[in-house]
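Thank you all for coming; I would like to walk you through one structure this morning, slowly and a piece at a time. Please have a look at the screen before I begin.

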Amino acid sequence: MTHLLLHHIDTLATFDAERRRLRNAWVLIHDNRIEAVGGGADPEPTADERLDLTGRVVLPGLINTHHHQFQSLLRNIPSLQDSALFPWLRDLGRLMGALTDEDLYTASLLNHAELLLSGCTTAADHHYLKVNDIRFDTCVEAAREAGIRFHLLRGSSSMGQSQGGIPPDDQVEREDDILADCERLIRTHHDPAPGAMTRVDLAPGSPFAVTARLMQQSVELARRHGVGSHTHLAQSAEDEQYMHAKYGRSSVEMAEEWGWVGPDVWFAHATCLSDSDVARVGRTHTGIAHCPNSNMYTAAGCCRVPELLQAGATVAIGVDGSAANNASNLIDEVRNAMLLQRMCHGAHALSATQALELATLGGARLLRRDDIGVIEPGRCADLIAFDTRQLSLSGGQHDPVAGLVLCETGRVDLSIINGRIVVAGGQLVRIDLPALIDRHNRLAGALVARAEKRSGVSFTRPVWRRAYPYEPAAA
């Protein structure tokens, strides 16, 4: 039963109902919970340990609501660099068929390392790949080693290319096997208690990867067990064209018909919503995981965040997979969420603090958690601190909270999850990062080599696209 006092905090952004910012603040942590918060003239309490956070901005840990962690092994693949969504997915499918369980564990751990350093304290991973010796439990094991709060989104593919789907036929599962394994994972790993470090939600890959039957039976199963439901939806123009061609209706219309709307459901991307789709998502308080970097990379479009929020939807932030993002940096994702909304919807579309709210309050609400996302007594002790005394923030102290988004922040100085320090002085406490990077690079090279041998396709031959193909003519 220990008490840790974080004190001399330059600026504490609580994200509570009053959105209080406290100067010269302190936070008292008792084991894994926040016990008290104060600032200014409030007397500091006694504690077993004290940590001086002079020059730091402290805020709740950021929440990542959509990811595919195995894809860090497939960053910067030349054949994936310039593709729209469906061709990109087909090439990705040929690569990921060579993945092993060792690959998955290492990729998951590396992604957690990058997420932790970028301010993430809760991560949701949509893992949908069941090939070779891969186990879904491996995702949970890697999260526990990293010390991050984790939601396993049990993904699936049941409709291969021969049935009109996008996944390769050798990467689909039988639907009864999928449903049985979902129940097993819930029984084994899901903790419904407040403050849980591990939870399980059900996440069929997409309407072009599973059948309507599985969509319906999955959401029914999730509701019987009190867990959430997640899928990709309306993530590109090609996606919407597929739905209209197959079902004669929009993705959101079909989702409602299947029972896939409500506060226990969230969609990834949702870049192609009509006005009626936006209204339907808002009316049902369905959630959206906004993934701006991925959407820009695959030219998928821009999620209508301001209109969704106004309609009543819950909107949060996701980094998506590293094959469509080439990074797992959550504070960078928050920054680009703000910038993309401004580019598409105007300068007042999304402020810096609103973008941070999507990654804290929005993420907690989307994952149906009232124990994280806010710094106040009784909440889980999930906090991050950025050192404002760095080059990129120099001269930007006029609004230190907004500066975390408007300026390029880099990595966190401190991260505490469930009352335990996981990043200190900008360095990971529990992970040997150089050794992990070496192992990850080795496995990534071997994975792509296996995939090239299996398919007879070269995925890694660089293609130089010239912007200026000719030298100017001699005078």
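Let me start with a question: is His269 buried or exposed? At a relative accessibility of 2%, His269 counts as buried, where buried means under 20% relative accessible area, exposed means over 50%, and partly exposed lies in between, with a 1.4 Å probe and protein chains only.

Before going further, I should say that this is a predicted model, in which local features need pLDDT of at least 70 and side-chain atom pairs count only at pLDDT 80 or more, while totals for chains, interfaces and linings use all residues. Residues are numbered from 1 along each chain as its sequence is written, and side-chain values use heavy atoms, with hydrogens and water left out.

To stay with His269 for a moment, this residue is found in strand β11, residues 265-269; helices (H or I, at least four residues) and strands (E, at least two) are DSSP runs, numbered from the N terminus. Most residues other than glycine have a negative phi. His269, however, has a positive phi of about 85 degrees, although it is not a glycine. Asn418 also is not a glycine and has a positive phi, here of about 55 degrees, and its place is in the loop between β15 and β16, the latter being residues 420-424. Asn418 is buried as well, with a relative accessible area of 19%.

Now to the strands, beginning with β9, which covers residues 198-204 and is mostly covered, since 7 of its 7 residues are buried. In a regular strand the side chains alternate between the two faces of the sheet. In β9, Thr198, Val200, Leu202 and Pro204 point one way, Arg199, Asp201 and Ala203 point the other way, and all of them are buried. Strand β8, residues 149-156, runs parallel to β9 and is joined to it by 7 bridges, and two strands are said to pair if DSSP finds at least two bridges between them. Within this pairing, Leu152 has Val200 of β9 as its bridge partner. Between the two strands the chain passes through helix α4, residues 175-189, in a β-α-β crossover that is right-handed, meaning that, with the strands pointing away from the viewer, the path from the first strand over the helix to the second runs clockwise.

A second strand to look at is β5, residues 56-60, where 5 of 5 residues are buried. What does β5 pair with in the antiparallel sense? That partner is strand β14, residues 383-387, over 5 bridges, whereas strand β1, residues 3-13, pairs with β5 in the parallel sense over 2 bridges. Val57 takes part in both pairings, as Thr11 stands opposite Val57 and Phe386 in β14 is a bridge partner of Val57.

Turning to the helices, two packed helices are described by the angle between their axes and the distance between the axes. Helix α1, residues 85-96, and α6 pack at an angle of about 90 degrees, with their axes 8 Å apart; axes are lines fitted to C-alpha atoms, for helices over the stretch in contact, and angles run from 0 to 180 degrees between N-to-C directions. The two helices are therefore roughly perpendicular to each other, given that 65 to 115 degrees counts as roughly perpendicular, under 35 as roughly parallel, over 145 as roughly antiparallel, and the rest as oblique. Leu85, Phe86 and Pro87 of α1 make the contact with Glu238, Asp239 and Tyr242 of α6, contact meaning heavy atoms within 4.5 Å.

Just beyond that topic is Ser250, in the loop between α6 (237-247) and α7 (251-257), which counts as buried at 5% relative accessibility. The side chains of Ser250 and Asp277 are joined by a polar contact of 3.0 Å, that is, a pair of N or O atoms within 3.5 Å, where within protein one must be able to donate a hydrogen and the other to accept it, and residues adjacent in sequence count only if both atoms are side-chain atoms. Leaving aside neighbours within four places in sequence, Ser250 is in contact with Glu240, His244 and Asp277.

Finally, Asp371 lies in the loop between α12 (352-366) and β14 and is buried at 4% relative accessibility. Its side chain reaches the backbone nitrogen of Gly195 at 2.6 Å.
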